[in-house]
Amino acid sequence: MSDLMINTGSLPELSVSQLVALPQQQLQEFDLSLNLMATWIKQSRDRLNTALEQRYGEQARQSLQESGRDFGVTHIDDGALQVTYELPKRVSWDQKRLAEMAERITAAGENVSDFIDVDYSVSESRFKNWPSTLREQFEAARTVKPGKPSFRLALVEGGAA
């Protein structure tokens with residue numbers, strides 16, 4: 001990992017215009033080094049989080065339960081180290097059952113949006129396979145925006161310098 005730090009050591013000081021002007025090989029080396037460092041950081045973070053879970057997880061969950069909660073934030077003192085443990089609540093809904101409930105709400109004469117947030121979408125692969133007459137009907141409801149671009153760099157033997 002220290003070799004990667006040496007290779008990218010000057011990167012934080014470079015402006016965008018300086019990065020634009022870099023030779024191709026150095027640009028590709030920075031890209032490769034940053035990708036390797038990102039992988040190393042993710043793997044290291046995952047390993048540390050696993051160790052912290054093994055060391056403090058049970059105690060933290062017990063502390064939450066003792067305070068009458070299944071989720072939330074609690075603090076553990078381990079000598080001079082204070083550990084803050086946060087267990088977020090992740091809720092998911094069964095889409096088929098919600099659709100059935102929405103039908104019942106509508107059948108009862110109620111407004112579904114008073115009870116359920118409805119988010120309509122059409123998969124792009126389905127849309128592309130529709131007949132043009134059907135696509136034309138949906139065009140006004142469709143907005144296309146660019147996503148975040150990504151780049152992969154590779155030096156090719158014998159390429160232009």
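**Arg61 and its partner**

I started with arginine 61, which comes out as partly exposed at 33% relative accessibility. This is a predicted model, so I am reading computed values throughout. Arginine 61 makes a salt bridge with glutamate 53, and their closest N and O atoms sit 2.5 Å apart. I checked glutamate 53 as well: it is partly exposed, at 35% relative accessibility.

**Other salt bridges**

How many salt bridges does the count come to? I get four.

Next I looked up arginine 55, which pairs with aspartate 78 at 3.3 Å between the closest N and O atoms. Arginine 55 belongs to helix H3 and aspartate 78 to strand E1 (residues 72-78), so this salt bridge ties together parts 23 residues apart in sequence. Is arginine 55 buried or exposed? Arginine 55 has 59% relative accessibility and counts as exposed, because the cut-off for that class is over 50%. Aspartate 78 is partly exposed, at 30%.

Then I moved on to arginine 142, in a salt bridge with glutamate 124, where the closest N and O atoms are 2.3 Å apart. This pair also links distant parts of the chain: arginine 142 is in the segment after H6, glutamate 124 is in helix H5 (residues 124-129), and 18 residues separate them. Both ends are partly exposed, arginine 142 at 28% relative accessibility and glutamate 124 at 35%.

**Nonpolar cores**

Which residues make up the largest nonpolar core? I list six: Tyr56, Ala60, Leu64, Ile76, Val83 and Tyr85. Helix H3 (24-66) and strand E2 (81-87) are the elements that give two or more residues to this core. H3 has the largest share, with three residues.

I noted another core lying apart from this one, with five residues, including Leu98, Ala102, Ile105 and Val112.

Back in the largest core, I looked at what tyrosine 85 touches beyond its neighbours within four places in sequence. Its contacts are Glu53, Gly57, Ala60, Arg61, Leu64, Gly72, Val73 and Thr74. Two of these, Ala60 and Leu64, are in the largest core with tyrosine 85. Glu53 and Arg61 also turn up in that contact list, and they are the salt-bridge partners I began with.

**Aromatic rings**

I find two aromatic pairs in the structure. For tryptophan 130 and phenylalanine 138, the ring centres are 4.7 Å apart and the planes meet at 55°, so I put the pair down as tilted. That label holds because 55° falls between the limits for stacked, under 30 degrees, and edge-to-face, over 60.

Where does tryptophan 130 fall, buried or exposed? Tryptophan 130 counts as buried at 19% relative accessibility, because the limit is under 20%. Its partner phenylalanine 138 is partly exposed, with a relative accessible area of 34%. Phe127 joins Trp130 and Phe138 in one aromatic cluster.

**A nonpolar patch on the surface**

Last, I went to the surface. Leu27, Phe151 and Leu153 form a nonpolar patch there, and together they have about 290 Å² of accessible area. I placed phenylalanine 151 in the segment after helix H6 (132-138). Arginine 142 is in the segment after H6 too. Phenylalanine 151 is exposed, with a relative accessible area of 66%.

Conventions:
Residues numbered from 1 in each chain as written. Predicted model: local features only at pLDDT ≥ 70, side-chain atom pairs only at ≥ 80, totals over all residues. Heavy atoms only, no water. Patch = residues over 30% accessible without salt bridge, like charges linked within 9 Å, V, L, I, M, F, W, Y side chains within 5 Å. Areas by Shrake-Rupley, 256 points an atom, 1.4 Å probe, with all protein chains shown as cover. Salt bridge = Lys/Arg side-chain N within 4 Å of Asp/Glu carboxyl O. Helix = DSSP H or I, 4+ residues; strand = E, 2+ residues; numbered from the N terminus. Buried < 20%, exposed > 50% of the residue type's maximum accessible area, 1.4 Å probe, protein only. Core = buried A, V, L, I, M, F, W, Y, C linked by side-chain atoms within 4.5 Å. Contact = heavy atoms within 4.5 Å. Phe/Tyr/Trp six-rings, centres within 6.5 Å; stacked < 30°, edge-to-face > 60°.
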